[in-house]
Each structure stands twice: as C-alpha cells, then as structure tokens.
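Dear colleague,

Please find below the structure that I am handing over to you. I should be grateful if you would look at it alongside the notes that come after it.

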Amino acid sequence: MLENKNIEEQIKLVAKRIKEMREILEISVERVAAALNISAEQYLRYENCEDNIPINIIYGVAQVFNVDSTTLLTGDAPRMVDYTVVRGGNGIEIERCPGYSFSSLAINYIGRTMDPMIVTLKSDDKPADLIQHNGQEFNYVIEGTIIVKVGPHEFELNAGDSIYFNPSLLHGQRAKSPVARFLTVLN
C-alpha cells in the first residue's frame, strides 16, 4: 500500500510540474496536445493526474517545452556536461506504474541523446499500457524472463537475451517470471 501511495505521489508531482511549466511558458493545451498527437481532453487527463502519464508523453512534453525530461521527472535540471557517474544502486528511481519501475542511469547528463535505464517488472501486477515513441530502443534482460511486444509480434526473452527495435511501433514489456529486470536504452 505504501508503495502504491509513493507511485501516486510521484505521478502527481510530475503532472503538477508539467502543468506549471506549460502555464509559465504560456503554451496552450491545444498546442501541446497537437504536438503529442493526442486530444486536448486526453492531455488534460494527464495534466490533471486523472490518467497515468506514459513515459513517451513525458518525453514529448519535454520537447514541446524545450526542456530536458529530467526537469519534468525530478524537478531538477541535469548538471553534468562531460560525464556523469552513477554508482550501483544509485540511479534515479522512478515508478511509472505499479509493477513497472525504472532507475535512470544518465538523468544528470546535459544534452544526452540516449536514456539508459534499468527497468524492474513484477508479474503479479497489471502490465503497463503499450506505448509508442520516436527514436530507437534496445532492451537487454539482466534477470528473469520478459515478454516484449513489438507491433503484432511477441518475444520471450531470458537473462542474456536482447532486442533492438523501432519504438514508433506500439510496444511494451511485461514480466513472465515473478520479477524481471532489463536494461533499456532509448535514443
């Protein structure tokens, strides 16, 4: 229960940051929604914390606002220019939804073109919604077994397996084993 409360608080903080920044920048709801290719009503559902905000929407909002996604996720701007070091277990933990959390490994690097993250999935929780985003994506399974859906295809991946794919296709991952962890790199 405490874990779910923590997730809800994090989601509310991200939604609040997005709304505040949009208002400060004087960008209309309609303009942001159009840039994200969603309805204004759906955008407001995210901004008012009525729906969980998918990570691809957070990245899209960051592009519209011309800020790093770190600012929306943590409230802080990245500070490192030439390098950033993240010691084991010290990544920035972000709960996307129950059963899907990730540890961002480069969130403090200014102008990064890749987002490496360790994702933890639990099989006893509802799988996260399928998403789409620009760029490219790489997943490498560290522990357990995951099912990766890319477009109409599903792949069962075990520790040591990897997949590289076009994330503009509807996709998502879910745990087949009780707990699964994978490295994902988004570009």
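The notes below concern pockets, cavities, the nonpolar core and one helix.

This is a predicted model, in which local features need pLDDT of at least 70 and side-chain atom pairs count only at pLDDT 80 or more, while totals for chains, interfaces and linings use all residues. Residues are numbered from 1 along each chain as its sequence is written, and side-chain values use heavy atoms, with hydrogens and water left out.

The search for empty space used a 1 Å grid over the protein atoms alone: a cavity is a set of points where a 1.4 Å probe fits but cannot get out, a pocket is an open set with protein on both sides within 12 Å along at least five of seven lines, and lining residues have an atom within 4 Å of a point. Grid points are joined across faces, edges and corners, and a volume is the space filled by probe spheres set on the points.

The largest pocket holds about 1100 Å³ of space. Its lining comprises 40 residues, and Asn56, Ile57, Tyr59, Gly60 and His133 lie nearest the centre. Helix 4 (55-65) is among the elements that each supply at least two lining residues, and its share, 7 residues, is the largest (helices are DSSP runs of H or I, at least four residues, and strands runs of E, at least two, numbered from the N terminus).

Helix 4 is also mostly covered, with 10 of its 11 residues buried (under 20% relative accessible area, 1.4 Å probe, protein chains only). Among the buried residues are Asn56, Tyr59, Val61 and Phe65. Asn66, which follows helix 4, has a positive phi, near 60°.

The largest nonpolar core (buried Ala, Val, Leu, Ile, Met, Phe, Trp, Tyr and Cys residues joined through side-chain atoms within 4.5 Å) has 43 residues, and Tyr43, Val61 and Phe65 have the most contacts inside it. Helix 4 gives the most to this core, 8 residues. Not counting residues up to four places away in sequence, Phe65 touches Ile18, Met21, Arg22, Leu25, Ile27, Val32, Tyr43 and Leu72 (heavy atoms within 4.5 Å).

The whole structure contains 2 cavities of 30 Å³ or more. The second largest cavity has a volume of about 40 Å³, and Tyr59, Phe102, Arg112 and Asp115 are among the residues that line it. Helix 5 (69-74), strand 2 (100-104) and strand 3 (115-122) each supply at least two residues of that lining.

Yours sincerely

How values were computed. Buried < 20%, exposed > 50% of the residue type's maximum accessible area, 1.4 Å probe, protein only.
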